[in-house]
Amino acid sequence: MLTLRFIQENRDFIIERLKIKNFDATKITGQILALDKERRSTQAAMDDHKAELNKLSKEIGKLFKNGKVEEATKVKEKNAQIKENIKEQSESLNKIEEQLNLLLVQLPNIPHESVPPGKGEQDNVEIKSGGTKPELAQDALPHWDLAKKYDIIDFELGNKITGSGFPVYKGKGAKLQRALINYFLDKAIEAGYHEVLPPLMVNEDSGFGTGQLPDKEGQMYHVALDNLYLIPTAEVPVTNIYRNKILSAKDFPIRMTAYTPCFRREAGSYGKDVRGLNRLHQFDKVEIVQIQHPDKSYETLQEMLNHVESLVKSLNLPYRILKLCGGDISFTSALTYDFEVYSAAQQKWLEVSSVSNFEAFQANRLKLRFKEEGEKKTKLAHTLNGSALALPRILAALLENNQSAEGVVIPEVLRPYTGFDIID
RNA sequence: GGAGAAAUGGCAGAGUGGUCGAAUGCGGCGGUCUUGAAAACCGUUGUCCGUUCCGCGGACCGGGGGUUCGAAUCCCUCUUUCUCCGCCA
């Protein structure tokens, strides 16, 4: 959510920049500013009435104390009229604020100046790539066939227990999941992130704080009886740790990492995109989150990028880093890089990480602020997060790329965690 | 799930209808003293909104609503915490 002050001072800039996100902000910013003006004048008028009421109420108190009951009663009558006015003004103020909020939450974050224009994922810009695509044998199998061959992931069983998109990992498959989780967590901790294990369900306030609510509730599983949402990513509970906090500048950077399962409804997905591990309703992910001083958030974004890159490299997966274009970047993000790994049997690039700087957009919703050393005024912090990493597609690529006649070879770095070096 | 009690500033904790944005202690910050530090002493110390912005006005004592001329204080409701009972990994 952009702040009102920012919209007041930078309307033309906002309209111009949001064109990159293919969003026409002309009308909505106009409405916002008009409503805000109305809000201010209504509040000023109401405050005046309240001041009057407060003053008179004090007088009444004194009059009663001095036994001047008649005079007091007169003043009371006067107050009744003022109260009537306040009631009306407060009602219209509530209405105005409601409308204002409705509009404010519809305005996307301003994209960073480096975000390239574009309509969709085809316009994302590759900024780096690494690793080499393996030469697979003629009879190489896609991961879903490998999973079946070695009996390490059972999709049908998941269908039976829950539904599609909820696989059952078995034996070495299950152990490999655990190994990846621990490996990623250990690397994050090594890089200075503080591990947390958050709740997997969040309330509405948390959903609002990170930008999932309102509007994107269709992407989350909702537990209606208790009005809770299953988390689509650890970003939600972890970032919300700092909701309603006022930090001091010396607290930065705050680095947190969390492993959680993630739950996504993925409504509207279909076909080969969802085959096997490519798109699941429940998957495991290690997330990294940072809260940083506005002046340093882009340095931090780069640092997070480096961390994710080091993970992908250490697993010997061919990868590329994309800078998302205006048409593909999310509503809340100012700048996002996607990491993709090449899954050799499918001959497909799979997104395994998304690293974003939200600048103050989430912080404004979260009321996550800080004070500069020695200053009284609060400012909004910047929030960032990234996957480090999402497991299923990493697993897909590992299975496909490392298959051989003998079996699937486990990357060196994971062997201390798996306790085996081949799946056969 | 049932019965009862409670929720106040960074923390602890007073305050039961006006003089309370809130005593006091701790913590934080600034100063005096000191070679430096500690101790002691003095001062200071919440957030948000509006504004004609050295000033002034308004809101906030878990959330929402109500009673009243006036609410931290009374009432209703929700949430959370604690105690007891029940259930349970």
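Contact here means heavy atoms within 4.5 Å. Keep that in mind for the exercises below, and remember that this is a predicted model.

**Exercise 1. Find which strands helix H12 lies across, and its angle to E12.**

*Solution.* Start with the helix: H12 covers residues 391-401. Now look for the strands under it, which are E10 (282-292), E12 (335-343), E13 (348-357) and E16 (382-390). Finally, compare directions: H12 runs at about 30° to E12.

**Exercise 2. Work out the strand order of the open sheet of eight strands, and name its edges.**

*Solution.* Step one is to walk across the sheet, which gives E1-E11-E12-E13-E16-E10-E9-E4, with mixed pairing. Step two is to pick out the strands that pair on one side only: these are the edge strands, E1 (125-130) and E4 (194-196). As for the twist, neighbouring strands are turned by 25° against each other on average, ignoring direction.

Now zoom in on one edge. E1 and E11 (residues 319-323) run antiparallel and are joined by five bridges. Within E11, Tyr319 is the residue that stands opposite Gly130. In general, strands of a sheet pair through backbone hydrogen bonds, either parallel or antiparallel.

**Exercise 3. Describe the protein surface near RNA strand B.**

*Solution.* First, count the neighbours: there are 18 residues around the RNA, and Gln43, Ser57, Asn79, Lys371 and Thr378 come nearest. On the RNA side, 80% of the atoms within 4 Å of the protein belong to sugar and phosphate.

Next, sort the surface residues by character: eight are charged, six polar and four nonpolar.

Then check some polar side-chain atoms one by one:

- Gln43 has one 2.5 Å from a sugar or linking oxygen of the RNA.
- Asn54 has one 3.2 Å from a phosphate oxygen.
- Lys371 has a side-chain N or O atom 2.3 Å from a phosphate oxygen.

Last, ask where the surface comes from. Helix H3 (26-65), helix H4 (69-104) and strand E14 (368-371) each give two or more residues. H3 has the largest share, with 11 residues.

**Exercise 4. Classify the ring pair Phe166 and Tyr221, and say why it ties together separate parts of the chain.**

*Solution.* A search of the whole structure turns up six aromatic pairs. For Phe166 and Tyr221, the ring centres are 6.4 Å apart and the planes sit at 55°, so you call the pair tilted. Now locate both residues. Phe166 is in the loop between helix H6 (155-161) and strand E3 (168-169), while Tyr221 is in the loop between helix H8 (204-210) and strand E6 (222-223), so the pair ties together parts 55 residues apart in sequence.

Definitions and conventions:
Residues are numbered from 1 along each chain as its sequence is written. Chains are lettered from A and ligands numbered from 1 in the order in which they are written. This is a predicted model: local features need pLDDT of at least 70, side-chain atom pairs count only at pLDDT 80 or more; totals for chains, interfaces and linings use all residues. Side-chain values use heavy atoms; hydrogens and water are left out. A residue is near a molecule or strand if one of its heavy atoms lies within 4 Å of it. A polar contact is a pair of N or O atoms within 3.5 Å; within protein, one must be able to donate a hydrogen and the other to accept it, and residues adjacent in sequence count only if both atoms are side-chain atoms. Helices (H or I, at least four residues) and strands (E, at least two) are DSSP runs, numbered from the N terminus. Ala, Val, Leu, Ile, Met, Phe, Trp, Tyr, Cys and Pro count as nonpolar, Asp, Glu, Lys and Arg as charged, and the others, Gly among them, as polar. Two strands pair if DSSP finds at least two bridges between them. Axes are lines fitted to C-alpha atoms, for helices over the stretch in contact, and angles run from 0 to 180 degrees between N-to-C directions. Rings of Phe, Tyr and Trp (its six-membered ring) pair if their centres lie within 6.5 Å; planes under 30 degrees apart count as stacked, over 60 as edge-to-face and the rest as tilted.
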